[in-house]
Every structure is written in structure tokens, then in C-alpha cells.
Amino acid sequence: MDTVARVIRLLLADDDPLVRMGLRVMFAGVEDIDVVAEAADGDEAVALTAEHAPDVALLDIRMPVRDGLAATQALRALPTAPAVIVLTTFNPDDYVLRALRAGAAGFLLKDTPPNDIVGAVRRVAAGDPVLSPAVTQQLIAQIRTPPAETATDARARARARARLERLAAREYDVARAVGQGRTNAEIAARLYMSVPTVKAHVSSILAKLEVTNRVQIALIVHDAAPDGPAGT
């Protein structure tokens, strides 16, 4: 029996109409992705998501009225929350880290090749996180060099350590390696596991920590230790 391919419902949100038009034209030639709504700001993105129930929202991080961070938080709180990809011209900064903490499933620069953007939408719709490789390394570098600790940081550390206590010993080892920015292959070699076993541990870690991507795992590992993830 023939299987009908699932069409991914996509919302675009960017305050630049030319950017929205370019993205719309790009996705118009993709059979399995349907742009169901376009928003010019974060408030409109949230309202249109409630109306059209997209599977994926592609958001500019800096928008008027409600920015991409606030919009990500609002979208992820909806009963039928879409996966969120942050798409921006800006280099990674603390603002983007906050978006990832809020539940964004991906972060791409606007100079990402069109085919990679299309692939990213497909991947997050399937439940896989997406980060540009260069972005991943920059974000990991940022979270490994934290500022001086405050009382708020101490509370965050206690919460992060409590979350890591949910992990089995081997899962904790994998989480620490993820926090060091290592790939699955590097983790497998370092911990004497097969790559499929590492992938299985990562999936279990994501579920137990209630996060959606590897950077969020790294953030929790970082928060649990004020000097950043131990080991090199």
C-alpha cells in the first residue's frame, strides 16, 4: 500500500517582509513543507500559531512587539507547541542561549544554505535538534567561560545538580561529554561505547532532563558546576 508523505506545516516570523518573501519563495518549491502563516512580530507569531497549528516555527530572534525569545517561550507553552528554529543574521550571544533554554530546537544563521534550512525544518519536525556546526562550538565555548557566580547562579546550580541526579551513572558520563562539546563518535571512543549506544544514552538523557537538544544538556552540565564542565 502506498504511503502518503506527511506535509510539514511551517510558520515564518520575521519583521523584514523581504526576508519573509524570500523564505516563502524558497519553501514554495518544497513538496513536503507548506507555509501556513507569516508573522511580522512575536505577538502575531503566537496568535497565528494558535490559529493554524504549525509543526515548526521559523523565528527571527530580534523582532518588534515581542522578540524571538519571548515568542519562543510563549510558543513552547502552547498545548500543541511547534518546534522552534531561531534564524538570524546575528552571531551567537547570551540572547540565543536564553532562546535555547526556552526550548528552541535549533539555531541557524541567515547565511545558511537554502537546502540546509529546508533540511533543518524537516529534522526538527521529526524531533531532532538542529544547530549550525560553527554555532554549536561558539555556544559551548561561551557556557564554559561563565562570569563570577551570584546567589541566583547558586540556586541555578542546585537545580541543575538535582536534574542531573535523575541520570544513571553512564548517562551522567555521556552528559558531561556532551557538555564538553564532543560528538557521538568522540564520546564513543572516550567512554568505550558504540555510537548507537551513545545515541541511545543521549535520547534517554534528553527525556530525563526534559530538554530538546544537546546544547540544553550542555547548559545543565554547565549550571551544575560553576567552573564549567569538568574534564577536557
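**Nonpolar cores and the α10–α11 contact**

In this predicted model, the largest nonpolar core comprises 26 residues. Within this core, L11, A13 and L59 have the most contacts. Helix α3, spanning residues 68-76, gives the most to the core, with four residues. A second core is separate and holds 21 residues. V178, A188, V211 and A224 are included in this second core.

A13 was examined further. Beyond residues up to four places away in sequence, A13 touches A39, A45, L58, L59, D60 and M63. One of these partners, L59, is also listed with A13 among the residues with the most contacts inside the largest core.

Helices α10 and α11 pack against each other at an angle of about 65°. Their axes lie 10 Å apart. Helix α10 covers residues 195-209, and helix α11 covers residues 214-224. The crossing of α10 past α11 is left-handed. From α10, the contact draws on V202, I205, L206 and L209. From α11, R214, I217 and I220 take part. Six of the contact residues are nonpolar, one is charged and none is polar.

Helix α10 also contains H201. The relative accessible area of H201 is 19%, so this residue is buried, the cut-off being under 20%. Apart from its neighbours within four places in sequence, H201 is in contact with R170, E171, V174 and M193.

Note on methods: Residues are numbered from 1 along each chain as its sequence is written. This is a predicted model: local features need pLDDT of at least 70, side-chain atom pairs count only at pLDDT 80 or more; totals for chains, interfaces and linings use all residues. Side-chain values use heavy atoms; hydrogens and water are left out. Axes are lines fitted to C-alpha atoms, for helices over the stretch in contact, and angles run from 0 to 180 degrees between N-to-C directions. Helices (H or I, at least four residues) and strands (E, at least two) are DSSP runs, numbered from the N terminus. A crossing is left-handed if the near helix is turned anticlockwise from the far one by less than a right angle, and right-handed if clockwise. Contact means heavy atoms within 4.5 Å. Ala, Val, Leu, Ile, Met, Phe, Trp, Tyr, Cys and Pro count as nonpolar, Asp, Glu, Lys and Arg as charged, and the others, Gly among them, as polar. A nonpolar core is a set of buried Ala, Val, Leu, Ile, Met, Phe, Trp, Tyr and Cys residues joined through side-chain atoms within 4.5 Å. Buried means under 20% relative accessible area, exposed over 50%, partly exposed in between (1.4 Å probe, protein chains only).
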